[in-house]
Amino acid sequence: MIPENDIKLIREKLKDSTKPLFLFDDDADGVSSFVMMYKLVGDGKGICVKGKPIVEASYLRKIDEFSPDRVFILDKPMVEQELLDGISQEVIWLDHHPVQDNKGVKYFNPRIHDDEDNRPTSYWAYQICKEDVPESLWLASIGVVGDWSLALKEEFCKKYPDLLPCETKSAPEALFNTKLGELVKIIDFNLKGTTTEVMKSIKILTRIESPYEILNQVTPKGKFLYKKFMKINEAYEKLKECVEVTEDPIIFFKYTDNKLAISSMLSNELLYEHPDKIIIVAREKADELMLSIRSTNINLVPILNSSLEGLKGYGGGHDNACGACIKQNDFERLLESFKENLKNTLGVK
């Protein structure tokens, strides 16, 4: 867990900020964390770090242009040391992925204190913001369930039983069989498209006060987010129909699309429908493949790391849900090595 004194410290740093800049991950967990913190401060600038698990030094230019008084990094597994070395302002990094050892940053991660505690960043952002932001509970729950967790279930289902029945037993069930799950999907699909389009949706989300504005489309803001969701969802469902399931323990699906990055949601849904399989969804972009890899109970990270050795690529993430980027020319070698390492992990000859 993150100690209460650290929660209090981050809250104080937010309230003391007059021009903060937020760098956050491009998923429901990262975005909901940003929105809560933005609402607490009431000012600042958000930058959605798209496409890669690492915050690269190239973001220094944007930081210099905005000239913030403090920088917050949310839900990013890795940060280039060169970036941190180039930032003159105080940097606060809140995350829940495997612990990193960077210099020049105030780093907060529940796994520092207990490696088994990987509750999402939005869960901790909720602890920071709930006293000051009335909308924190439903915003945080979008991020928590979107990151395959039920960490806020008891509190949320009491207030919103129509969105998450209290008898819901698992995060996958919450994500793919409840109204809260629909809300997660709406937000996730609003994070697709160009950076300008994504930031427009996020800006609108910062002005939403109730989940029903979106689900029931009762305000222009809610209608905007829902309309974009419906457009993306139509393409998503068509892609899903193309997935082939065989006797192979791995479901592999590759698609080509420079704008529709739906690999994470698709791999999650395929795992929900086929919990006994390992899921690999690959999005072809230029000369690279962006991978989303999922399993119900196999620690994928060491298998992936071993498989990437000697290849032009990188990867990381959660034990049962990770991502990678690999050059197309190296993908077949990666897949072959992944299968071999998987067999070794499972003790299969």
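Here is a conversation between a student and a tutor about how terms are applied to this structure.

Student: What kind of model is this, and how are its residues numbered?

Tutor: It is a predicted model, in which local features need pLDDT of at least 70, side-chain atom pairs count only at pLDDT 80 or more, and totals for chains, interfaces and linings use all residues. Residues are numbered from 1 along each chain as its sequence is written, and side-chain values use heavy atoms, with hydrogens and water left out.

Student: Let's start with histidine 97. Why is histidine 97 called buried?

Tutor: Buried means under 20% relative accessible area, exposed means over 50%, and partly exposed is in between, all with a 1.4 Å probe and protein chains only. Histidine 97 has a relative accessible area of 5%, so it counts as buried. Histidine 97 sits in the loop between strand 6 (90-94) and strand 7 (106-108); helices (H or I, at least four residues) and strands (E, at least two) are DSSP runs, numbered from the N terminus.

Student: What makes the pairing of histidine 97 with aspartate 95 a polar contact?

Tutor: A polar contact is a pair of N or O atoms within 3.5 Å; within protein, one must be able to donate a hydrogen and the other to accept it, and residues adjacent in sequence count only if both atoms are side-chain atoms. The side chains of histidine 97 and aspartate 95 meet at 2.7 Å, so the pair qualifies.

Student: Which residues farther along the sequence is histidine 97 in contact with, leaving aside neighbours within four places?

Tutor: Contact means heavy atoms within 4.5 Å. For histidine 97, the list includes Asp75, Lys76, Tyr107, Arg111 and His318.

Student: And threonine 168: how do you know whether it is buried or exposed?

Tutor: Its relative accessibility is 2%, so threonine 168 counts as buried. Threonine 168 belongs to the loop between helix 7 and helix 8 (171-177). A polar atom of its side chain lies 2.7 Å from the backbone oxygen of proline 165. Setting aside neighbours within four places in sequence, threonine 168 is in contact with Leu150, Lys153, Glu173, Ala174 and Thr178.

Student: What is notable about phi in tryptophan 148 and alanine 286?

Tutor: Most residues other than glycine have a negative phi. Phi of tryptophan 148 is near 70°, a positive value, and phi of alanine 286 is near 55°, also positive. Tryptophan 148 is placed in the loop between helix 6 (136-146) and helix 7 (153-159), while alanine 286 is in the loop between strand 9 (278-285) and strand 10.

Student: Why do these two residues get their accessibility labels?

Tutor: Tryptophan 148 has 30% relative accessible area, so it is partly exposed. Alanine 286 reaches 67%, so it counts as exposed.

Student: What makes a group of residues a nonpolar core?

Tutor: It is a set of buried Ala, Val, Leu, Ile, Met, Phe, Trp, Tyr and Cys residues joined through side-chain atoms within 4.5 Å. The largest one here has 75 residues, and Leu14, Phe22, Met37, Leu94, Trp138, Leu205 and Ile262 touch the most other members. Helix 2 (residues 28-41) supplies the largest share of this core, 9 residues. Apart from it lies another core, of 22 residues, among them Ile298, Ile303, Leu308 and Leu335.

Student: What makes a space a cavity, and how many of 30 Å³ or more are there?

Tutor: On a 1 Å grid over the protein atoms alone, a cavity is a set of points where a 1.4 Å probe fits but cannot get out; a pocket is an open set with protein on both sides within 12 Å along at least five of seven lines, and lining residues have an atom within 4 Å of a point. The structure holds 3 cavities of 30 Å³ or more. The largest cavity has about 50 Å³ of space, and helix 15 gives the most to its lining, with 4 residues.

Student: How do you know the class of the residues lining the largest cavity?

Tutor: Ala, Val, Leu, Ile, Met, Phe, Trp, Tyr, Cys and Pro count as nonpolar, Asp, Glu, Lys and Arg as charged, and the others, Gly among them, as polar. The lining consists of Ile280, Leu291, Ile293, Leu304, Phe331, Leu334, Leu335 and Phe338, so the count is 8 nonpolar, no polar and no charged residues.

Student: And how does the lining of the second largest pocket divide?

Tutor: That lining has 4 nonpolar, 2 polar and 7 charged residues. Helix 12 provides the largest share, 6 residues.

Key
Grid points are joined across faces, edges and corners, and a volume is the space filled by probe spheres set on the points.
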